[in-house]
Amino acid sequence: MVSQYCLCFSCGLEKEFSPNELACDVLEGWLLVSVFNGNGSIVRYNFCSYECLQEWVISQASLTPEIFMKSLNEETGNNN
Ligand SMILES: [Zn+2]
């Protein structure tokens with residue numbers, strides 16, 4: 001029997017479980033995020049806690065202001 005595992009994307013914590021265990025029981029408290037990238041591709045991230053999810057969100061959010069400003073300019077038709 002091949003065991004499955006779930007890896008926390010933030011802290012690297014690994015949770016291993018056998019196929020006859022239910023993921024929803026073993027992974028109690030874990031958070032799974034699906035990111036839709038278009039072209040039918042979905043990237044899934046696993047986090048062991050809200051703290052780890054928050055850490056990841058903050059690291060992602062630091063990228064957004066520039067993209068956000070760019071989209072604002074496009075909406076208002078401001079070419080600069
Ligand atoms: Zn973690």
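## A first look at the protein chain

The protein chain has three helices and four strands. Keep in mind that this is a predicted model. Starting from the N terminus, you meet the elements in the order β-β-α-β-β-α-α.

How sure is the predictor? Across the protein chain the mean pLDDT is 84, and 79% of the residues reach 70 or more. Confidence shifts along the way, though, and the table shows where it is highest and lowest.

| Element | Residues | Mean pLDDT |
|---|---|---|
| Strand β4 (highest) | residues 42-47 | 94 |
| Helix α3 (lowest) | residues 64-76 | 64 |

So much for confidence; now for the packing. The protein chain is 80 residues long, and just 5% of those residues count as buried. Looking at contacts with a separation of 6 or more, 32% of them link residues that sit 24 or more positions apart.

Strand β3 is a good place to zoom in. Spanning residues 31-36, β3 is hardly covered: of its six residues, zero are buried. What does β3 pair with? Its partner is β4, running antiparallel to it, and six bridges join the two. Within this pair, Val-35 stands opposite Val-43 in β4.

The two strands β3 and β4 form a hairpin, with five residues between them. Gly-38 in this hairpin takes a positive phi near 80°. As a general point for reading a strand like these, side chains alternate between the two faces of the sheet when the strand is regular.

Key: Residues numbered from 1 in each chain as written. Buried ≥ 20, exposed ≤ 12 C-beta atoms within 10 Å, placed from the backbone. Contact = placed C-beta atoms within 7 Å. pLDDT = per-residue confidence, 0-100. Pairing = 2+ DSSP bridges.
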